[in-house]
Amino acid sequence: MLNRLLLFVMAACLGTLFLKMELPIPYLLGGIFAAVACKIAGSPVTWPKNWRELGLLVAGYGIGRNFTADTWEKMTHQTFGVLEATLIAVAVAVLIAWWTARHTSANLISCVMGIMPGGRTQMMLMSEDDPRADANVVVVMQTLRLVGVIVAVPFLVIHGLGAQVMQNNAIVQTTDGTHWLILVPLSFLGAFVATKLKVPTPRLLGPILATAAGSYFWGSLQPVPGLLMMLAQVSIGLYMGVMLDPKKLSATKELMPYIFSGIVLMIGVSVVVAWSLSERYGFSLVTAFLAMAPGGIAEMCLAGMSMGEDVSIILTYQLVRLLFLNICVPLGITMYFKNKSLD
């Protein structure tokens with residue numbers, strides 16, 4: 001328990017430093033860097049999954065409250081853009097997987113599962129169930145993709161796209177709307193229902209969808225206090241950082257150049273597509289980029305919140321891609337690799 005307390009304090013201090021540097025999602029980045037630093041130093045740090053999931057409940061509420069009736073109207077008018085962005089992201093991932101499999105000892109099915117943007121949990125579960133896939137390759141590729149994007153995107157949007165972090169970290173306290181404590185029943189109910197329905201990442205998507213429904217039907221919902229959102233970000237970041245296993249990374253070191261070059265390609269394509277989306281639909285380039293970026297839905301939405309971007313747009317694009325990756329892509333992988341030998 002003492003090690004976890006010290007780890008949390010270290011993460012909070014790093015997050016405060018990143019906040020002073022005006023980086024988006026500073027406390028989430030603080031959690032990642034603190035855990036990775038301890039891992040590299042050889043310290044046997046852990047972070048309970050239940051604590052991470054409590055953080056996801058809070059983040060899910062914070063994200064879902066941005067969904068309004070206007071968001072639904074925007075989404076219906078941008079159906080083509082949403083589908084286009086999703087299919088381009090999947091196509092680029094398949095291209096990277098093919099190139100990686102062609103030049104390394106990893107087989108194609110492992111590379112496809114490993115590089116898909118946004119379907120980390122589903123791909124890892126599939127790799128464990130399919131004897132043709134190398135679960136270690138999938139875990140390393142998905143973890144590095146996710147962490148790499150989350151670390152790279154904030155620097156790019158600040159120094160490349162000219163975004164600015166709001167001084168109050170985009171958490172403006174207000175007495176308007178339903179009190180923020182509604183997050184307790186909404187988040188737990190949403191997570192429970194999503195788990196029963198076997199929705200991917202239910203501890204995040206459940207609260208997002210339940211809170212979005214509440215915001216749509218009831219109107220404005222208050223944001224959570226800044227301290228609570230900070231605790232949630234640190235907890236999520238620490239769990240992500242702890243996932244990085246130096247032994248697994250060492251065992252798959254031949255993949256590293258292809259993973260990181262793949263991340264660069266994904267981000268580059270995301271910028272191009274984001275420019276096209278912003279020109280067509282009129283929202284900012286930063287909003288479009290965060291909507292298209294191959295990171296996690298929670299992380300990209302939290303980054304958008306910290307910069308005052310249109311979180312409802314980011315949520316819409318990221319959510320559609322996440323659902324597509326967790327429903328359609330597994331079916332496509334199963335059908336394509338059926339009866340194929342990948343020895």
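The legends below accompany an overall view and several close-up views of a predicted model.

**Figure 1. Overall view of the protein chain, whose secondary structure comes to 16 helices and zero strands.** Along its principal axes the C-alpha trace of this predicted model spans about 60 × 50 × 40 Å. A compact globule of 343 residues would have a radius of gyration near 20 Å, and the protein chain agrees with this, since its own value is 19 Å. Buried residues account for 53% of the 343 residues, and the accessible surface comes to about 15300 Å², with 66% of that area belonging to carbon and sulfur atoms. When contacts between residues at least 6 apart in sequence are considered, 78% of them join residues at least 24 apart. The protein chain carries 21 positive and 17 negative side chains, and the centres of these two sets lie 8 Å apart.

**Figure 2. Close-up of the salt bridge between Arg203 and Glu53.** The count of salt bridges in the model comes to two, and the one shown here joins the side chains of Arg203 and Glu53 at 3.3 Å, N to O. Arg203 belongs to helix H10 (residues 202-218) and Glu53 to helix H3 (residues 49-64), so the pair ties together parts of the chain that are 150 residues apart in sequence. The two partners can be described by their accessibility: Arg203 is partly exposed, with a relative accessible area of 29%, whereas Glu53, at 13%, counts as buried.

**Figure 3. Close-up of the salt bridge between Arg280 and Glu84.** In this pair the closest N and O atoms are 2.5 Å apart. Because Arg280 lies in helix H13 (residues 256-281) and Glu84 in helix H5 (residues 79-103), the salt bridge ties together parts that are 196 residues apart in sequence. Arg280 counts as partly exposed at 38% relative accessibility, and Glu84 likewise counts as partly exposed, at 23%.

**Figure 4. Close-up of Glu299, a buried residue that has no salt bridge.** Glu299 is placed in helix H15 (residues 297-306). The nearest side chain of opposite charge is that of Arg52, which is 7.3 Å away, while a salt bridge requires a side-chain nitrogen of Lys or Arg within 4 Å of a carboxyl oxygen of Asp or Glu. Once its neighbours within four places in sequence are left aside, the residues in contact with Glu299 are Ile25, Leu28, Leu146, Ile150, Ile236 and Met240.

**Figure 5. Close-up of Ile333 and its contacts in helix H16 and beyond its sequence neighbours.** Ile333 lies in helix H16, which comprises residues 311-336, and it is buried, with a relative accessible area of 6%. Leaving aside neighbours within four places in sequence, Ile333 is in contact with Ile109, Val112, Met113, Met123 and Met126. For one of these partners, Ile109, the separation along the chain is 224 residues, yet the C-alpha atoms of Ile333 and Ile109 are separated by 7.7 Å.

**Figure 6. View of Pro185 in helix H9, shown together with Lys338.** Helix H9 covers residues 183-196 and includes Pro185, which counts as partly exposed at 44% relative accessibility. Pro185 and Lys338 are 153 residues apart in sequence, and their C-alpha atoms are 43 Å apart in space.

How values were computed: Residues numbered from 1 in each chain as written. Predicted model: local features only at pLDDT ≥ 70, side-chain atom pairs only at ≥ 80, totals over all residues. Heavy atoms only, no water. Helix = DSSP H or I, 4+ residues; strand = E, 2+ residues; numbered from the N terminus. Rg over C-alpha atoms; globule rule 2.2 N^0.38 Å. Buried < 20%, exposed > 50% of the residue type's maximum accessible area, 1.4 Å probe, protein only. Contact = heavy atoms within 4.5 Å. Areas by Shrake-Rupley, 256 points an atom, 1.4 Å probe, with all protein chains shown as cover. Lys, Arg positive; Asp, Glu negative; His and termini not counted. Charge placed at Lys NZ, Arg CZ, Asp CG, Glu CD.
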